[in-house]
Amino acid sequence: MTNIVLNVLVLVALVAVSWRVLRGLRPWALVWTAFHLCVLTMIFDTLMIAADLYVFDEDKILGVYLWGAPLEDFAYAIAASLAMPVLWTVLERRSARRAGGPAGDPAAPAAGEGAA
């Protein structure tokens, strides 16, 4: 299996699992984040490859490079730009439910806490 196939499968699974949360997030914020993470990936992957910190098996990659970074490496930046806001949102909602806040209000006092 080539890296691009594995990357596509992981991204499809990530979107499928987190679709309900992703629909509620602002799309331009996700795109803007993905763009910046991809630019950083392009810069730092190119530098690390040029410094011989790691090498890619030519049989496992497409051979398409953006600057000096293989196309497959950008899937990690895209996955992070989707997974982190989803995780943040889910954990925030969970924390609000535990606190007993109305309709996910994280500022509401937890159950059993009152003004002294």
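**Exercise 1. Place D52 in the chain and describe its backbone and its exposure.**

*Solution.* D52 sits in the loop that runs between helix 2 and strand 1 (65-66), where helices (H or I, at least four residues) and strands (E, at least two) are DSSP runs numbered from the N terminus. The model is predicted, so that local features need pLDDT of at least 70 and side-chain atom pairs count only at pLDDT 80 or more, while totals for chains, interfaces and linings use all residues. Residues are numbered from 1 along each chain as its sequence is written, and side-chain values use heavy atoms, with hydrogens and water left out.

The next step is the backbone: most residues other than glycine have a negative phi. D52, although not a glycine, has a positive phi of about 60°. For its exposure, the relative accessible area of D52 is 64%, and D52 is therefore exposed, given that buried means under 20% relative accessible area, exposed over 50%, and partly exposed in between (1.4 Å probe, protein chains only).

**Exercise 2. Carry out the analysis of Exercise 1 for W67.**

*Solution.* W67 belongs to the loop between strand 1 and strand 2 (69-70). Its phi is near 60°, a positive value in a residue other than glycine. With a relative accessibility of 61%, W67 counts as exposed.

**Exercise 3. Set out the order of the secondary structure elements and state what share of the chain is buried.**

*Solution.* The chain contains three helices and two strands, and along the sequence these follow the pattern α-α-β-β-α. Of the 116 residues in the chain, 26% are buried.

**Exercise 4. Classify the aromatic pairs of the structure.**

*Solution.* A pair of aromatic rings is described by the distance of the centres and the angle of the planes. Rings of Phe, Tyr and Trp (its six-membered ring) pair if their centres lie within 6.5 Å, and planes under 30 degrees apart count as stacked, over 60 as edge-to-face and the rest as tilted. Two aromatic pairs are present in the structure.

One of them joins W32 and F35, with 5.8 Å centre to centre and 20° between the planes, and is stacked. Both residues lie in helix 2 (residues 27-50), three residues apart, about one turn of the helix. W32 is exposed at 56% relative accessibility, whereas F35, at 46%, is partly exposed. In the pair of Y54 and F56 the ring centres are 5.3 Å apart and the planes stand at 80°, so this pair is edge-to-face. Y54 has a relative accessibility of 24% and counts as partly exposed.

**Exercise 5. Find which elements contribute to the patch of positive charge.**

*Solution.* The surface patch of positive charge gathers R20, R23, R93, R94, R97 and R98. Helix 1 (3-24) and helix 3 (74-99) are the elements that give two or more residues to it, and helix 3 gives the most, with four residues. R97 lies in helix 3 and is exposed, with a relative accessible area of 63%.

**Exercise 6. Examine two residues of helix 1 together with their partners distant in sequence.**

*Solution.* N3 lies in helix 1 and, at 26% relative accessibility, is partly exposed. N3 and E72 are 69 residues apart along the chain, yet their C-alpha atoms are separated by 6.3 Å. V12 also lies in helix 1 and is exposed, at 52% relative accessibility. V12 and A79, 67 residues apart in sequence, are 9.8 Å apart in space, C-alpha to C-alpha.

Definitions and conventions
Patches are made of residues with over 30% relative accessible area and no salt bridge: like charges are joined within 9 Å, nonpolar side chains (Val, Leu, Ile, Met, Phe, Trp, Tyr) within 5 Å. Accessible areas come from the Shrake-Rupley method with a 1.4 Å probe; for residues, only the protein chains shown count as cover. A salt bridge is a side-chain nitrogen of Lys or Arg within 4 Å of a carboxyl oxygen of Asp or Glu. Lys and Arg count as positive and Asp and Glu as negative; His and the chain ends are not counted. The place of a charge is taken as NZ of Lys, CZ of Arg, CG of Asp or CD of Glu.
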